[in-house]
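I opened a new notebook page for this one. My plan is to look up a few things and write down what I find.

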Amino acid sequence: MMIRLNIVLLLAVIISALYVVHTQYVSRQLFTSIYRAQAEGRRLQTEADQLEVQKRAQATPLRIEALAREQLNMRSSTPSITLYVRPNGAVLPAALTLTPVAVRTARTARRAPSHAAAASRKKAHATRGAR
């Protein structure tokens, strides 16, 4: 009876030893895969940082303007090539158009002076005379 118990205990020790060896093997495999994944993550982060730097370098205003001039044949707007479209559909070159303030002034000069405009002119004239 004692021999059977010893054999059973010996088998239990051998099985538990094999289980420990298998568990260590699986643990090392998992550790290796984690280490590889971390290394890949660091590599991808470095690549993402490099791409971000390249993106910033590509998006500078001077580079965009140069590409627009060279590849798209674009140029800066000047009054000689700018056109303004009025609400009635009339198209005027920028060189001939007046600024909105000048347009309002020109319109009000053609009209009969209003009481408010006359009063403000009298006030301005009185202020100039007081100096």
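**Entry 1: a surface patch**

I started with the outside of the model, which is a predicted one. I found a nonpolar patch on the surface, formed by I3, I7, L11 and I15. Together these residues have about 420 Å² of accessible area. I picked I7 for a closer look and found it in helix α1. Is I7 buried, partly exposed or exposed? I7 counts as partly exposed, because its relative accessibility is 47% and the exposed class needs over 50%.

**Entry 2: the whole chain**

Next I stepped back. I counted four helices and two strands in the protein chain. From the N terminus on, I read the order as α-α-β-β-α-α. How much of the chain is buried? I noted that buried residues make up 2% of the 131 residues. I also looked up the exposed surface, and the chain exposes about 12,300 Å². Carbon and sulfur atoms supply 64% of that area.

**Entry 3: confidence**

I wanted to know how far to trust the picture. The chain averages a pLDDT of 81. I noted that 72% of the residues score at least 70. Where is confidence lowest, and where is it highest? The lowest is in helix α3, residues 100–110, at a mean of 49. The highest is in α1, at 96. I left α3 alone after that, because predicted coordinates should not be read in detail where pLDDT is low.

**Entry 4: salt bridges in α1**

I searched the whole structure for salt bridges and got five. I wrote up some of them.

I took R43 and E40 to begin with. Their side chains meet in a salt bridge, at 2.6 Å from N to O. Both residues lie in helix α1, which covers residues 2–58. They sit three residues apart, about one turn of the helix. I checked how open each one is. R43 is partly exposed, with a relative accessible area of 43%. E40 is also partly exposed, at 35% relative accessibility.

Then I looked at K55. K55 forms a salt bridge with E52. The closest N and O atoms are 4.0 Å apart. I found both K55 and E52 in helix α1. They too are three residues apart, about one turn of the helix. Which class does each partner fall in? K55 is exposed, because its relative accessible area is 53% and the cut-off is over 50%. E52 counts as partly exposed, at 32% relative accessibility.

**Entry 5: a salt bridge in α2**

I moved on to helix α2, residues 61–70. Here the side chains of R69 and E65 meet in a salt bridge, at 2.8 Å from N to O. How far apart are R69 and E65 along the helix? They are separated by about one helical turn, because they are four residues apart in α2. I looked up exposure again. R69 is partly exposed, with a relative accessible area of 41%. E65 is partly exposed as well, at 38%.

I also noted a network. E40, R43 and E47 are joined into one by salt bridges that share partners.

**Entry 6: N73**

I checked the backbone angles and stopped at N73. Phi of N73 is near 55 degrees, a positive value in a residue other than glycine. Why write that down? I did so because most residues other than glycine have a negative phi. Where is N73 found? N73 is in the loop between α2 and β1, with β1 at 83–85. N73 counts as exposed, because its relative accessibility is 66% and the cut-off is over 50%.

**Entry 7: V91**

I ended with a strand residue. V91 is found in strand β2, residues 91–93. V91 is partly exposed, with a relative accessible area of 48%. Which residues does V91 touch, leaving aside its neighbours within four places in sequence? I found V91 in contact with L83, Y84 and V85.

Terms used: Residues are numbered from 1 along each chain as its sequence is written. This is a predicted model: local features need pLDDT of at least 70, side-chain atom pairs count only at pLDDT 80 or more; totals for chains, interfaces and linings use all residues. Side-chain values use heavy atoms; hydrogens and water are left out. Buried means under 20% relative accessible area, exposed over 50%, partly exposed in between (1.4 Å probe, protein chains only). Patches are made of residues with over 30% relative accessible area and no salt bridge: like charges are joined within 9 Å, nonpolar side chains (Val, Leu, Ile, Met, Phe, Trp, Tyr) within 5 Å. Accessible areas come from the Shrake-Rupley method with a 1.4 Å probe; for residues, only the protein chains shown count as cover. Contact means heavy atoms within 4.5 Å. pLDDT is the predictor's confidence in each residue, from 0 to 100.
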